[in-house]
Amino acid sequence: MNRYLINGKQRLEGQITTSGSKNASLPLLAATLLGMGESTLKKIPRLSDVEHMVQVLKSLGAKVEDDGETLSIDARVLTGISVSEECMRQMRASNLILGPLLARLGEARIPLPGGCRIGSRPMDQHLKGLAALGVDIQETHGYIEAKVKRMRGADIYFDVPSVGATENLMMAAMGADGTTLLHNAAREPEIIDLQNMLTAMGGKIIGAGTATIRIEGRQPLWGTEYTVIPDRIEAGTHMLAAVMTQGDLEIDNVIPEHMSPIIAKTKQCGAEVTVNNSSIRVKHTGAINPMEIKTLSYPGFPTDMQPQFMALMTLAQGTSVVTETIFENRFQHVDELRRMGAKISVEGRSAIVHGVERLEGAFVEATDLRAGAALFLAALAAEEASVLQNIEYIFRGYEKLEEKYQAVGGKLQRMV
Ligand code: EPZ
């Protein structure tokens with residue numbers, strides 16, 4: 001596994017441009033399976049997760065071309081209905097092909113996603129919704145076999161506002177007779193991005209961003225040209241890098257209204273935050289204030305920023321409480337932060353963080369994408385150099401990370 005050697009005590013200063021959103025790109029790529037024509041997607045970040053989804057689309061028969069700027073996908077001819085065990089193990093979001101394949105072919109076969117480091121990651125909400133549309137779901141030998149002759153619209157209520165289940169059902173309902181209503185739907189900006197692309201393809205869908213989404217099925221869907229939204233979690237990570245390194249960063253290509261809780265909490269910690277139309281400037285001003293963080297579904301504080309904020313709180317002047325309500329095991333970064341001198345104790349779903357004067361350089365390892373991001377930030381701020389292992393996790397969600405950070409004064413290098 002690759003690793004970074006990261007010098008400590010760095011002060012980052014300058015401008016970083018955020019890439020396109022990973023968590024919007026993956027459903028947009030899956031949605032191209034619905035179009036009877038070529039779709040061209042712009043600003044899609046070249047991440048390992050995106051490459052993985054491209055391989056899944058190709059395995060289903062789609063033609064994919066990448067000229068470095070634009071990803072062109074032609075899914076008019078599909079030759080497969082299933083995703084391999086290996087694909088699913090590598091990336092849970094491979095399950096987003098369920099909805100489109102059922103809408104296109106009336107059939108799909110995917111492995112039951114294993115758990116991952118941050119939690120069990122069940123799919124009961126996806127399957128409950130598909131069953132409501134008339135899909136026959138069989139779970140055999142660790143696989144989900146889904147079949148349906150003709151889906152019919154339904155009223156679907158999600159027990160939890162699952163992002164993936166909302167996206168899968170939005171796409172499945174495109175192939176159902178009549179109207180489908182999704183209640184208690186996830187409200188993330190990535191859901192709105194998917195609605196906008198489905199609309200551009202010819203779909204009739206409204207309500208994304210609210211708790212109720214309405215889909216009129218069986219509209220003819222064509223290829224389209226679409227540009228993905230910026231990555232709010234990448235941008236938030238850069239904001240905290242400015243504070244933790246006592247620096248001053250201008251983060252470009254952001255949509256501030258997607259980042260309200262992140263902006264609010266960054267201001268609350270004492271940093272100077274200037275919000276412009278499509279950029280945010282963050283300057284460290286002095287002591288970091290401790291605070292309470294509780295992750296919630298959008299528009300609450302995003303779970304994908306929890307590890308990064310915990311890294312920030314290790315340097316706060318006082319005690320903070322970080323409560324993770326979305327995933328049951330998203331504190332893998334705690335042990336690694338402790339190795340750097342952080343004082344953290346975990347009590348159930350909450351971590352109590354007693355701020356320390358400084359973090360120490362250490363050998364640490366990424367256990368998942370956002371834990372890796374948290375350790376990356378901590379290493380930039382530590383007194384001495386650190387080695388961060390398993391950085392492949394970070395490449396899943398952060399495009400050109402070392403180039404972006406070296407350009408603002410970061411002293412880090414990749415080691416094999
Ligand atoms: C999406 O995952 C994101 N991934 C995750 O980002 C993000 O953390 C998560 O949403 C929550 O915001 C992508 O968009 C590709 P969920 P998803 O279904 O869709 C429970 C990152 O770091 N649940 O909204 O898999 C589930 O156990 C990644 O970029 C059910 O109970 O998340 C969890 O507790 C990590 N039954 C909660 O809902 C279901 O059928 C939220 O899961 C589905 C989910």
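Two strands count as paired when DSSP finds at least two bridges between them. With that in mind, this predicted model can be read through its sheets and then through the surroundings of its ligand.

**A sheet of three strands**

One open sheet of three strands follows the order β6-β8-β7, and its pairing is antiparallel. Its edge strands are β6 (107–111) and β7 (136–140), each of which pairs on one side only. On average, and with direction ignored, neighbouring strands of this sheet are turned by 15° against each other.

Within this sheet, β7 and strand β8 (residues 143–147) are joined in the antiparallel sense over five bridges. Two positions help to locate the register: D136 stands opposite K147 in β8, and Q138 stands opposite E145 in β8. In a regular strand the side chains alternate between the two faces of the sheet. β7 and β8 also form a hairpin with two residues between them, and in that turn H141 has a positive phi of about 50°.

**A sheet of four strands**

Another open sheet is formed by four strands in the order β9-β10-β12-β11, and here the pairing is mixed. The edge strands are β9 (155–157) and β11 (204–206), each pairing on one side only. Neighbouring strands of this sheet are turned by 15° against each other on average, again with direction ignored. One of the pairs joins β9 to strand β10 (residues 179–183), in the parallel sense and over three bridges; in this pair I156 stands opposite L182 in β10.

**Strand β22 and its partners**

Strand β22 (residues 386–389) pairs with strand β1 (residues 3–6) in the antiparallel sense, over four bridges. It is also joined by three bridges to strand β21 (residues 363–365), and β21 and β22 run parallel. The residue V387 in β22 shows both pairings, since L5 stands opposite V387 and F363 likewise stands opposite V387. Between β21 and β22 the chain crosses through α12, and this β-α-β crossover is right-handed.

**The surroundings of the ligand**

The helix α12 (369–381) also takes part in the ligand's shell, where α1 (22–31), α5 (124–132), α6 (163–173) and α12 each supply at least two residues. In total, 22 residues surround the ligand, and the closest are D124, Q125, S162, D304 and I326. Sorted by class, this shell has nine nonpolar, six polar and seven charged residues.

Several protein atoms lie opposite oxygen atoms of the ligand, and the following table lists three such pairs.

| Residue | Protein atom | Ligand atom | Distance |
|---|---|---|---|
| K22 | polar side-chain atom | oxygen | 3.0 Å |
| R92 | polar side-chain atom | oxygen | 2.8 Å |
| G164 | backbone N or O atom | oxygen | 2.8 Å |

On its own the ligand has 820 Å² of accessible area, of which the protein covers 86%. K22 and R92 each place a polar side-chain atom beside a ligand oxygen, at 3.0 Å for K22 and at 2.8 Å for R92, whereas G164 does so with a backbone N or O atom, at 2.8 Å.

Methods
Residues are numbered from 1 along each chain as its sequence is written. This is a predicted model: local features need pLDDT of at least 70, side-chain atom pairs count only at pLDDT 80 or more; totals for chains, interfaces and linings use all residues. Side-chain values use heavy atoms; hydrogens and water are left out. A residue is near a molecule or strand if one of its heavy atoms lies within 4 Å of it. A polar contact is a pair of N or O atoms within 3.5 Å; within protein, one must be able to donate a hydrogen and the other to accept it, and residues adjacent in sequence count only if both atoms are side-chain atoms. Accessible areas come from the Shrake-Rupley method with a 1.4 Å probe; for residues, only the protein chains shown count as cover. Ala, Val, Leu, Ile, Met, Phe, Trp, Tyr, Cys and Pro count as nonpolar, Asp, Glu, Lys and Arg as charged, and the others, Gly among them, as polar. A crossover is right-handed if, with the strands pointing away from the viewer, the path from the first strand over the helix to the second runs clockwise. Axes are lines fitted to C-alpha atoms, for helices over the stretch in contact, and angles run from 0 to 180 degrees between N-to-C directions.
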